[in-house]
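Visitor: Could you give me a close look at one part of this protein and then walk me outward from there? I'd like to start with a single residue and see what else turns up.

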Amino acid sequence: MHDINIFLIFSKYKFLFAYFFIVLFTNMQINYKDWMALANRVFGQEIVPVEAIFVHGFEDLHDEMIDFVADVYKKSGAKYVVLNGEKEFEFEAPGFAYWKEKLSERGVLENLISGVTPAHQTREEAIGFMNFAKENNIKKGIVISAPTYVIRAFLTNLSLINEWKLDIDLYPMTMKDMDWRKEIVVRGLSNDSPSEPGPRFVKFAGEWGKIIQYRQIYENGNANYSIASVKEGLEYLKKLSD
């Protein structure tokens with residue numbers, strides 16, 4: 001695994017991120033070193049041999065992520081590529097049928113592409129993925145999503161691994177070459193969901209905020225927001241690399 005230092009990605013946006021990190025890590029008393037270490041491990045993760053690839057849907061970078069998933073499939077030796085079975089991954093965005101067709105065109109065997117129960121939320125997706133892992137006795141897998149979203153997706157799956165005491169090594173991965181400045185729009189699955197335009201690096205910061213918010217709700221007793229802590233994620237990945 002290569003240490004890429006996540007701060008370098010955002011060097012051009014230091015004033016915005018300085019503000020974000022000060023608010024996030026000082027006011028909320030969060031160990032920023034753990035956050036940086038986790039981000040470095042996720043963005044620096046290399047392809048390893050696995051049995052299954054679990055793909056969380058996201059509106060951004062569909063075709064680029066399809067190329068990435070197909071490449072990981074070919075190099076990892078995976079027997080399954082597991083997708084959210086939802087027809088749209090976000091409102092009016094490509095979903096399961098589109099991904100299956102395009103992955104097949106890129107060399108993924110169609111009979112190895114599975115769709116779990118359609119899910120509207122990250123935790124619902126993770127429940128489908130981890131149920132698939134349990135039912136198929138998967139011991140090693142890769143969880144993939146868009147760069148802005150992959151850390152929250154990984155920590156959500158990890159919470160289920162911990163709760164269900166699953167014996168699985170799960171490696172988070174995402175593509176690395178994209179324009180972090182590009183404005184994107186991310187919407188929910190219902191047509192009345194408001195659009196959220198903004199650069200990718202701002203979306204990335206927003207996802208970190210959601211990790212904190214959901215973890216606090218979970219620690220206050222709401223199991224519907226289950227998500228592993230950053231420290232748990234970091235310790236888990238360190239054990240995988242030992």
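Guide: Sure, let's start with E105, which sits in helix α5, the stretch covering residues 96–105. Keep in mind as we go that this is a predicted model. With a relative accessible area of 52%, E105 is exposed, because the cut-off for that label is anything over 50%. As for a partner elsewhere in the chain, take A70: E105 and A70 are 35 residues apart along the chain, and their C-alpha atoms are separated by 9.5 Å.

Now for the inside. How many cavities of 30 Å³ or more does a search of the whole structure find? The search finds one, and the space in that largest cavity comes to about 50 Å³. Its lining is made up of V55, H56, G57, F58, D60, H62, M65, W99, S145 and A146. Sort those lining residues by character and you get five nonpolar, four polar and one charged.

V55 is a handy bridge to the next stop, as this lining residue also stands opposite I144 in strand β4. Strand β1, residues 52–55, is joined to β4 by four bridges, and the two run parallel. On to β5 (residues 169–173): five bridges connect β4 with this strand, again in a parallel arrangement. One of the pairings there is I142 with Y171, its bridge partner in β5.

Is β4 itself enclosed or open? Of the five residues in β4 (residues 140–144), four are buried, so the strand is largely enclosed by the rest of the structure. As a general point, side chains in a regular strand alternate between the two faces of the sheet. Back in this model, β4 also belongs to a right-handed β-α-β unit, together with helix α7 (residues 150–164) and β5.

Helix α7 brings us to the charged contacts. A search of the whole structure turns up ten salt bridges. One of them pairs R152 with E207, with the closest N and O atoms 2.5 Å apart. That pair ties together distant parts of the chain, since R152 lies in helix α7 and E207 in helix α8 (residues 200–219), 55 residues apart. Both R152 and E207 are buried. K210 comes into the picture too: R152, E207 and K210 are linked in a network of salt bridges.

Further along helix α8 there's R215, which has a couple of partners worth looking at. It forms a salt bridge with E219, where the closest N and O atoms are 3.0 Å apart. R215 and E219 are four residues apart in helix α8, so about one helical turn separates them. The two ends of this pair get opposite labels: R215 counts as buried because its relative accessibility is 18%, while E219, at 55%, counts as exposed.

R215 also forms a salt bridge with E232, with 3.6 Å between the closest N and O atoms. This pair likewise links distant parts of the chain, with R215 in helix α8 and E232 in helix α9 (residues 230–241), 17 residues apart. E232 has a relative accessibility of 30%, so it counts as partly exposed.

Notes. Residues numbered from 1 in each chain as written. Predicted model: local features only at pLDDT ≥ 70, side-chain atom pairs only at ≥ 80, totals over all residues. Heavy atoms only, no water. Buried < 20%, exposed > 50% of the residue type's maximum accessible area, 1.4 Å probe, protein only. 1 Å grid on protein atoms, 1.4 Å probe; cavity = no way out; pocket = protein on both sides within 12 Å on 5 of 7 lines; lining within 4 Å. Points joined across faces, edges and corners; volume = space filled by probe spheres on them. Nonpolar A, V, L, I, M, F, W, Y, C, P; charged D, E, K, R; others polar. Pairing = 2+ DSSP bridges. Right-handed = clockwise from strand over helix to strand, strands pointing away. Salt bridge = Lys/Arg side-chain N within 4 Å of Asp/Glu carboxyl O.
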